[in-house]
Amino acid sequence: DNKTAEANASFEVIAPPVVVPPVVPIVIVPAITTETTTIPSIAAGETLKIIILQSDVLKFQEITIKIKNAVKDVQITIKESFKPKDVAEPITVEIGKVFKYLEISKVNILDEDIENAKIKFKVEKSWVTANNIDENTVALQRLENKNWNRLPTAKIGEDVKNFFYETESPGLSIFAITGEMK
């Protein structure tokens, strides 16, 4: 009979809970370049010359070690490094900058077995220019007993892209390549 009926209804749908996995931050760790040389034996008085194949990344080009005491099964590893957390900066920001940290670690050879180590390295001219560094103040500093010791460093040449330096160290350790501002 022309009657209209209206009805309102409500209902609730219960869905199973959605489990959202925790968000794990993605940490990008830069690859650390490492180069290892193994030497079966070195007699007392001999000189070991290590040419660094990855010198474009490591910046060390060559390490020449004069051996004081005979050693066997020696491993020398050069790798990119960082300043240890419990150690002061090798140079203050008011004076200069750090170009790179590198570590030379050793197996089956002690600093007492080494008469001296000559290290040749390079520093990019673009870094020197960008940081207003006096290229004649670039030096290699060696970490020993939580203190940085500036090694006598000489500029030995340059090419279009790099300045080249050489220094002598009493042993192997963590090193910092530093430069003083003009």
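This is a short tour of one sheet, one buried glutamate and two nonpolar cores.

Before you click, note that this is a predicted model: local features need pLDDT of at least 70, side-chain atom pairs count only at pLDDT 80 or more, and totals for chains, interfaces and linings use all residues. Numbering starts from 1 along each chain as its sequence is written, and side-chain values use heavy atoms, with hydrogens and water left out.

**Stop 1: the sheet.** Select E2, E3, E6, E10 and E9, and you have an open, antiparallel sheet of 5 strands in just that order. Strand labels are DSSP runs (E, at least two residues) numbered from the N terminus, and two strands pair if DSSP finds at least two bridges between them. At the edges sit E2 (47–51) and E9 (153–158), each pairing on one side only. Neighbouring strands here are turned by 15 degrees against each other on average, direction ignored; the axes behind that angle are lines fitted to C-alpha atoms, and angles run from 0 to 180 degrees between N-to-C directions.

**Stop 2: around E10.** Now colour E6 (residues 114–124) and E10 (residues 162–169): 8 bridges hold this antiparallel pair together. Pick Lys122 and you'll find Phe164 of E10 standing opposite. Then swing over to E9, which pairs with E10 over 5 bridges, again antiparallel. Thr153 has Thr167 in E10 as its bridge partner, and a hairpin of 3 residues takes you from E9 to E10.

**Stop 3: Glu80.** Select Glu80 in strand E4 (residues 71–80). Is Glu80 buried or exposed? Buried, with a relative accessible area of 17%; the cut-offs are under 20% for buried, over 50% for exposed and partly exposed in between, using a 1.4 Å probe and protein chains only. Show its polar contacts (N or O atom pairs within 3.5 Å, one able to donate a hydrogen and the other to accept it; residues adjacent in sequence count only if both atoms are side-chain atoms). The Glu80 side chain reaches the backbone nitrogen of Thr33 at 2.8 Å and the side chain of Lys100, also at 2.8 Å.

**Stop 4: the cores.** A nonpolar core is a set of buried Ala, Val, Leu, Ile, Met, Phe, Trp, Tyr and Cys residues joined through side-chain atoms within 4.5 Å. The largest has 34 residues, with Phe60, Ile65, Ile76, Ile104, Val123 and Ile177 making the most contacts inside it. E6 gives the most to this core, with 5 residues. Apart from it lies another core of 6 residues, including Val87 and Tyr101.

Note on methods:
Helix = DSSP H or I, 4+ residues; strand = E, 2+ residues; numbered from the N terminus.
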